[in-house]
Protein chains: 4
Amino acid sequence: MSPRTTNQVKKIREERIEEIMNSALEVFAENGYLSSSISKVAQHAGISKGLLYNYFKSKDELVKEIIVKGLNSLIKDVKLHENITISEDQFVFFVHRSFKSIQSNLKFWKLYYNLIMQPPVLALIADDIWQYVMPFMNILINYYTKKGVENPEAEARALIAMLDGVGLDYISDPKNFPINEVEKIIIKKFK
Amino acid sequence: MSPRTTNQVKKIREERIEEIMNSALEVFAENGYLSSSISKVAQHAGISKGLLYNYFKSKDELVKEIIVKGLNSLIKDVKLHENITISEDQFVFFVHRSFKSIQSNLKFWKLYYNLIMQPPVLALIADDIWQYVMPFMNILINYYTKKGVENPEAEARALIAMLDGVGLDYISDPKNFPINEVEKIIIKKFK
Amino acid sequence: MSPRTTNQVKKIREERIEEIMNSALEVFAENGYLSSSISKVAQHAGISKGLLYNYFKSKDELVKEIIVKGLNSLIKDVKLHENITISEDQFVFFVHRSFKSIQSNLKFWKLYYNLIMQPPVLALIADDIWQYVMPFMNILINYYTKKGVENPEAEARALIAMLDGVGLDYISDPKNFPINEVEKIIIKKFK
Amino acid sequence: MSPRTTNQVKKIREERIEEIMNSALEVFAENGYLSSSISKVAQHAGISKGLLYNYFKSKDELVKEIIVKGLNSLIKDVKLHENITISEDQFVFFVHRSFKSIQSNLKFWKLYYNLIMQPPVLALIADDIWQYVMPFMNILINYYTKKGVENPEAEARALIAMLDGVGLDYISDPKNFPINEVEKIIIKKFK
DNA sequence: CATGAATGAGAGTTCATTCAT
DNA sequence: AATGAATGAACTCTCATTCAT
């Protein structure tokens, strides 16, 4: 019956935050950010609106933290953050991991595309996104420069657009989009 | 003193509808559909809220008419609606026209991608979009089948995703996206 | 091709006013006064809103004129306005005519009851109604006084309430209300 | 510091609902349903518009609950719901209670008659009303059948019309309507 | 005489956020 | 830590009325 230590309290708090974020992600992904009320989010998480504001100081902050967490997790997944030059195998691995991420984090990507398409909301996360995309871009430019293609930057931009388009189309219709076959085609064309 | 003729009235009506749709497109493209109030749209068009509702039954109907008009204009531009099989030249022409459309109708495409990423709003236009995409898809599958590629449907899906991705990335940063170079790369890879 | 005389013009105007009032009565009776927009009324009459305001200076004035016209017509029907004392036969005739009026002017009575139940609208016509009801009341009190009933005023009030109630119930469900049988019962009880 | 208990919250909620319904009844009875804005209702209740919507889904739902509550209260008052056949004493009691109800729930009846005379609003409550009126009707038909009157259904309809008419006339001018005398007359005539 | 484009005030409703408990 | 009552601003939409033509 000893009082909880500061650490215990902190851990409980973090777990609760985690739960709320996961729950909110589901609501946002399903209905879109702007169309999801805080009431719905709190209800889906099984808590009161008041308590939600105890953990997040606004709706915007809540979604921002969800996005930051998702991007960090993605960076960890594709394992590109350490290198500046990559081999062809690493390139293939990167593309493959990107495809896997879309499939295993469907809800996150639904929210992601929902947000970046809404200018006033995008403003909240634009910086975070650039911090994540820029290193990729540089690695890819580097990769294509070494391969000696005509216009490495355009080639990198094209690949990133390709991945964005796959994301967009896959989340719109995950059941029918032939994602594995499309992956093969892309690797063949862009390798 | 004499009342306006039917033709005069009709002309005023058509002009106003045109004005409102153009004005609304600008506001919607800039701020996103959900974040744009009818007040803002009316103000931007220089008219009262009430008058807007004289011409459009609802905000939803307004945006739907904008989208339908834009899609029809696109179909006319790419000139694919008559054929079922296309030559390589026609393919190149189609991709080229798609790229031109993105550049010349930037606002429309901003709105388009804004809408399809918002589940409750997408419902309004999903049918119209499918009516437009399906024929393209079939023509492309047909094209790749004739070319003898391994998986024509996946190849077609990949191309459409590619175009979607270019649209997405271009509208996010039109000044820096090397759209002409990317066009060349895509034509080379997907032709 | 001679220009129309002032009288012709006046007659045309009156006919038009008549048409509009009849048309408006239909709309008001069907949907209720407050729920009927001027647009609907004008559309149903086959004219423009502007023209309607040429004949009636407001929605309130339009409905007021409809009511006044209906009440005058009722007074003419029951033919009680000249007498102050009536015989039993005249009493029966009066009740009978009241019942006939309800049936033949169903729409008018629908509107009438709709209006008197809405305080802010009732204010428009309250005076007219009292001018019409008061003479009836006096005649009835006189009638019951001569018959030697215990409380002539209450008896008169009860009869008028009875007629009001029949009106109310009949217009609510004209097909099933046994109006002729009810008439017989009332005459027997109140004669 | 401690959060409110579930019971405290429930009590606040019930009290607020009661307050709002009473306050709304006053406003609706005074001005009519359609002419009463939610702003007015909230203001009269001393709360914000937003809070009203915390307790009632819509203006329509609010008025519907007021009507249902009033009808239930009436059913309890006249105590007819258990029997199918009634004695003359019970009949007199029923009429008497109906008269008492009109006097003690004047505002409710003002609203009631206001609503049933407005076609689009009547639709909201028509079912509830029929559920209440039908049993009365059957009991009365039964009563008059046993008494051996010529046309029991018409007799019952006439009585109900009579009561409706009294209601109508009493609420229009409660101070001058001789309700107690009228009650005696009706009981004598319809018993 | 006749039109309907145009307005502006106000309607019902939603919702992020605050705060007493 | 936890609740949901409470607010107020902003939202979409309606409509009686006016007025240029």
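Here are two short exercises with worked solutions on this predicted model.

**Exercise 1.** Find out how many residues surround DNA strand E, and which are the closest.

*Solution.* Start with the count: 39 residues surround DNA strand E, and the closest are A:I38, B:R13, D:I38, D:Y53 and D:K59. Next, look at the DNA side, where sugar and phosphate make up 60% of the atoms of strand E that come within 4 Å of the protein.

Now zoom in on single atom pairs. A backbone N or O atom of A:I38 sits 2.6 Å from a phosphate oxygen of DNA strand E. Base oxygens are approached too: a polar side-chain atom of D:K49 lies 3.0 Å from one, and a backbone N or O atom of C:G50 lies 3.5 Å from one. Among the elements giving two or more residues to this surface are helix 3 (49-55) of chain C and helix 3 (49-55) of chain D.

Finish by sorting the residues near strand E: 13 are nonpolar, 14 polar and twelve charged.

**Exercise 2.** Describe the area buried between chain C and chain D, and find a salt bridge across their interface.

*Solution.* First, take the residues: chain C and chain D each bring 38 to the contact. Second, take the area: about 3100 Å² is buried between them, with carbon and sulfur atoms giving 66%. On the chain C side, C:M117, C:R157 and C:K189 lose the most area to chain D, together 21% of what that side buries.

Third, turn to charges. The interface holds four salt bridges; one joins the side chains of C:K189 and D:E155 at 2.5 Å, N to O. Last, ask which helix of chain C gives the largest share of the side touching chain D. That is helix 8, with 14 residues.

Note on methods. Residues are numbered from 1 along each chain as its sequence is written. Chains are lettered from A and ligands numbered from 1 in the order in which they are written. This is a predicted model: local features need pLDDT of at least 70, side-chain atom pairs count only at pLDDT 80 or more; totals for chains, interfaces and linings use all residues. Side-chain values use heavy atoms; hydrogens and water are left out. A residue is near a molecule or strand if one of its heavy atoms lies within 4 Å of it. A polar contact is a pair of N or O atoms within 3.5 Å; within protein, one must be able to donate a hydrogen and the other to accept it, and residues adjacent in sequence count only if both atoms are side-chain atoms. Helices (H or I, at least four residues) and strands (E, at least two) are DSSP runs, numbered from the N terminus. Ala, Val, Leu, Ile, Met, Phe, Trp, Tyr, Cys and Pro count as nonpolar, Asp, Glu, Lys and Arg as charged, and the others, Gly among them, as polar. Contact means heavy atoms within 4.5 Å. Buried area is the accessible area (1.4 Å probe) that two parts lose on being put together, summed over both.
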